Amino acid sequence: NVRAGRQFVDWGASVVLSEVLFAVRPTLEFGSGFRLEGLAGITPDRTVDLDASRTDFDDRTRRGYYGGRAVATLADSTEVYASYIYMADYYNRTVSRSPIVLTDVNFNYETSYVSVGGGGAVEPGFLWQVEGTGQFGQSTSDPLRGLQTTEDVRAFAARALVQYVMSDANATRLSAEALLATGDPDRLATTDTVGGNAPGTTDRAFNSLGHANTGLAFGAALSNLISLRLGASTHPFGGPQPTSEFQVGVDGFVFLKEDSDGPIDEF
């Protein structure tokens, strides 16, 4: 099977990539127990970049994604997988975003993501998903603190989710989730090049175009962050549609820095 065109790509547990791409996605299935998934795609216009210090970061993002995933389905329908994604950086402008305007800034940020994870159901009513990701590659250092250098990226992120779906008529669901993404203690901005990693040091901050539920009030990027969430939701009205589809819920969050000396994306 091959799917090609503009499409939403939600890769694995969404931490590495959760974005609309112009992409080609081939899938090879070997019976019912094993499949290989491929990905080759680029971001369209109006994609918001992970680096907000770039000029036009919210409408001229130019990143490519290339890689694949091997998925095994066990006898109890549990899925386990391993994946690799290379994120290429095709952005070629060298002017930073206002109010700090610097020319001749090298914004290049190219990394690979290696993930292992899995998910499935445990009777009665328990669902689970877990993923760990290592990020490796190169970033350019902060131009505000001397001549820019190319430094190694060594970062990590993880997600774990457990849900319990009750057997009541309202399909009440309870959930608990933990998110972790490493930070860098010498960065001034955890996601940006300007104010980013200090020259001559390894970049420990995890960054991607992935998505994580960090709430509405804070909504922090998944970088130098530990997020713990408890949630509940239910369909209070039964009966025929459309009232049966009405759902209400509540989430409670606790946020911590992964590295207490590093920044997050709010002051």
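# Notebook: an all-strand chain, looked up piece by piece

**Entry 1, leucine 144.** I began with leucine 144, which is partly exposed, its relative accessible area being 43%. The model I am reading is a predicted one, and I keep that in mind for every value below. I found leucine 144 in the loop between β7 and β8. Setting aside residues up to four places away in sequence, I noted that leucine 144 touches Ile100, Leu102, Val194 and Gly195. One of these partners I checked by distance: leucine 102 is 42 residues from leucine 144 in sequence, yet their C-alpha atoms are 9.1 Å apart in space.

**Entry 2, aspartate 142.** I then moved to aspartate 142, which also sits in the loop between β7 (126–140) and β8. Is aspartate 142 buried or exposed? Its relative accessibility is 0%, so I entered aspartate 142 as buried, the cut-off being under 20%. I listed what it is in contact with beyond its neighbours within four places in sequence, and the residues are Gln148, Leu188, Thr193, Val194, Gly195, Gly196, Asn197 and Pro199. Val194 and Gly195 are in this list, and I had already written both down as residues that leucine 144 touches. For a distance I took serine 175, which is 33 residues from aspartate 142 in sequence and 40 Å from it in space, C-alpha to C-alpha.

**Entry 3, the whole chain.** Having looked at one loop, I stepped back to the overall make-up, and I counted zero helices and 11 strands in the protein chain. Read from the N terminus on, the order of elements is β-β-β-β-β-β-β-β-β-β-β. I wanted to know how the radius of gyration compares with that of a compact globule, and for 267 residues such a globule would have a value near 18 Å, with which the 20 Å of this chain agrees. Along its principal axes, the C-alpha trace spans about 65 × 40 × 30 Å. Among contacts with a separation of 6 or more, I noted that 57% are between residues 24 or more positions apart.

**Entry 4, surface and charge.** The protein chain exposes about 13300 Å², of which carbon and sulfur atoms supply 58%, and 42% of its 267 residues count as buried. I tallied 20 positive and 33 negative side chains, and the centres of these two sets are 4 Å apart.

**Entry 5, the core.** Nonpolar side chains tend to be buried together in soluble globular proteins, and I therefore looked for such a grouping next. The largest nonpolar core has 23 residues, and those with the most contacts inside it are Leu17, Leu21, Leu39, Tyr65, Ile85 and Phe206. At least two residues of this core come from each of β1 (2–11), β2 (17–30), β5 (79–89), β6 (109–122), β8 (150–165) and β9 (173–181). I followed phenylalanine 206 outward and found that, residues up to four places away not being counted, it touches Val15, Tyr113, Thr133, Gln135, Ala155, Phe156, Ala157, Ala181, Thr182, Leu222 and Ser223.

**Entry 6, glutamate 29.** Which residues does glutamate 29 touch, apart from those up to four places away in sequence? I found Phe34 and Arg35. Glutamate 29 lies in strand β2, and I entered it as exposed because its relative accessible area is 62%. Its C-alpha is 8.4 Å from that of asparagine 1, although 28 residues separate the two in sequence.

**Entry 7, backbone exceptions.** Most residues other than glycine have a negative phi, and most peptide bonds are trans, so I searched for departures from both habits. I noted a cis peptide bond joining serine 98 and proline 99, with omega about 10 degrees, and proline 99 lies in the loop between β5 and β6. The bond from glutamate 123 to proline 124 is cis as well, its omega being near -5 degrees, and here proline 124 belongs to the loop between β6 and β7.

For phi, I wrote down aspartate 56, which is not a glycine and yet has a positive value of about 55 degrees; it is placed in the loop between β3 (34–42) and β4 (63–73), and it is partly exposed at 27% relative accessible area. Aspartate 104 also has a positive phi, near 60 degrees, and its position is in the loop between β5 and β6. With 64% relative accessibility, aspartate 104 counts as exposed.

Conventions: Residues are numbered from 1 along each chain as its sequence is written. This is a predicted model: local features need pLDDT of at least 70, side-chain atom pairs count only at pLDDT 80 or more; totals for chains, interfaces and linings use all residues. Side-chain values use heavy atoms; hydrogens and water are left out. Helices (H or I, at least four residues) and strands (E, at least two) are DSSP runs, numbered from the N terminus. The radius of gyration is taken over C-alpha atoms; the globule rule is 2.2 Å times the number of residues to the power 0.38. Buried means under 20% relative accessible area, exposed over 50%, partly exposed in between (1.4 Å probe, protein chains only). Contact means heavy atoms within 4.5 Å. Accessible areas come from the Shrake-Rupley method with a 1.4 Å probe; for residues, only the protein chains shown count as cover. Lys and Arg count as positive and Asp and Glu as negative; His and the chain ends are not counted. The place of a charge is taken as NZ of Lys, CZ of Arg, CG of Asp or CD of Glu. A nonpolar core is a set of buried Ala, Val, Leu, Ile, Met, Phe, Trp, Tyr and Cys residues joined through side-chain atoms within 4.5 Å.
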